[in-house]
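Good morning, everyone, and thank you for making time for this short talk. Please have a look at the structure as it comes up, and then I will take you through a few of its helices.

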Amino acid sequence: MGEPRQMGAVNWRGFATLYLREVRRFVKVAGQTLTAPVVTGLLFLAIFSLALGRAVETVGDVPYLEFLAPGLIMMQVVQNAFANSSSSLMISKVQGNIVDVLMAPLSAVEMTLGYALGAVTRGVTVGIVLIAAMSPFVHFEFAHPGFVIYHLVAASAMMALIGILVGVWADKFDQMAAITNFVITPLSFLSGTFYSVERLPEGWSFAAHLNPFFYMIDGFRYGVTGHADGSVLAGMAVLAGVDLVLGIACWRALARGWKLKA
């Protein structure tokens, strides 16, 4: 018999295996995980451009379609990043194969990063594919490419971590769907996806600035168009802080085996 495999402080092989499994999950059903968000994003673009394209020609100094596209892209990015991690854990719990991950020599940090980075990969991939699909109809200036990359990754990470918590917490798919329908979708719709929050009444505008989804979309839109409704630096700090808090919460939940171990 060979010598037992020695692992260092980090189980790189186990972490890479979990990450690749998460990526292969969505790649194998690309029609559902990549094509569907593109079709949805293009339909929203067509509907809003036809409904409001003539009534609202510009927002600030930005043509309406160029203002609208980043919000639509980010909306699909966050929904797909959330769906990847939450559905992976939920399916594993329902099928009973979550034990395979729990019994593997993986730390809670490695499990958190494996699930989260797989979901981030899906979110970023959806964003890139949507940008390519919208390019024939929308001019993307990419005024600040660094902000584009940061907000794609930070927003995907936030939703991936929320997806882990929801996947661990939920006992059935109805509960997971409720979070999507009554929390994720409303927050993304009410965060300036289709409009500038500067046009809202003062009270509603203040409420919008309390929504972390606003900073995802506003920062990404700033990276693409150079237009922002809020402080982009404050937005970056908010996303980083929320990601850190969520990361610690996921680590704690997985380390304790909350709702995963008997």
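**Helix contacts and the core**

Let me begin with a pair of helices, where Phe15, Leu18, Tyr19, Arg21, Glu22, Val23 and Phe26 in helix 1 are in contact with Glu110, Met111, Leu113, Gly114, Tyr115, Leu117, Gly118, Thr121, Arg122 and Thr125 in helix 5. Please keep in mind that this is a predicted model. Helix 1, residues 12-27, and helix 5, residues 108-134, pack at an angle of about 35°, and their axes are 8 Å apart; the crossing of these two helices is right-handed.

Now to the core. The largest nonpolar core has 66 residues, and Met74, Met159, Ile164 and Met216 are those with the most contacts inside it. Helix 3, which covers residues 64-95, gives the most to this core, with 14 residues. If we take Ile164 and leave aside residues up to four places away in sequence, we find that it touches Ser85, Leu89, Thr112, Tyr115, Ala116, Cys250 and Leu254.

Finally, helix 7, and a question for you: how far apart should its ends be? Helix 7 runs over residues 173-189, and because each residue adds 1.5 Å, its 17 residues should span 24 Å, which agrees with the 23 Å between its end C-alpha atoms. There is also a kink of about 30° in helix 7, centred on Thr180. The buried residues of helix 7 are Met176, Ile184 and Ser188, and these pack against helix 3, helix 6 (145-169) and helix 9 (212-225).

Terms used: Residues are numbered from 1 along each chain as its sequence is written. This is a predicted model: local features need pLDDT of at least 70, side-chain atom pairs count only at pLDDT 80 or more; totals for chains, interfaces and linings use all residues. Side-chain values use heavy atoms; hydrogens and water are left out. A nonpolar core is a set of buried Ala, Val, Leu, Ile, Met, Phe, Trp, Tyr and Cys residues joined through side-chain atoms within 4.5 Å. Buried means under 20% relative accessible area, exposed over 50%, partly exposed in between (1.4 Å probe, protein chains only). Helices (H or I, at least four residues) and strands (E, at least two) are DSSP runs, numbered from the N terminus. Contact means heavy atoms within 4.5 Å. The expected span of a helix is 1.5 Å times one less than its number of residues. The bend at a residue is the angle between axes fitted to the seven residues ending there and the seven starting there. Axes are lines fitted to C-alpha atoms, for helices over the stretch in contact, and angles run from 0 to 180 degrees between N-to-C directions. A crossing is left-handed if the near helix is turned anticlockwise from the far one by less than a right angle, and right-handed if clockwise.
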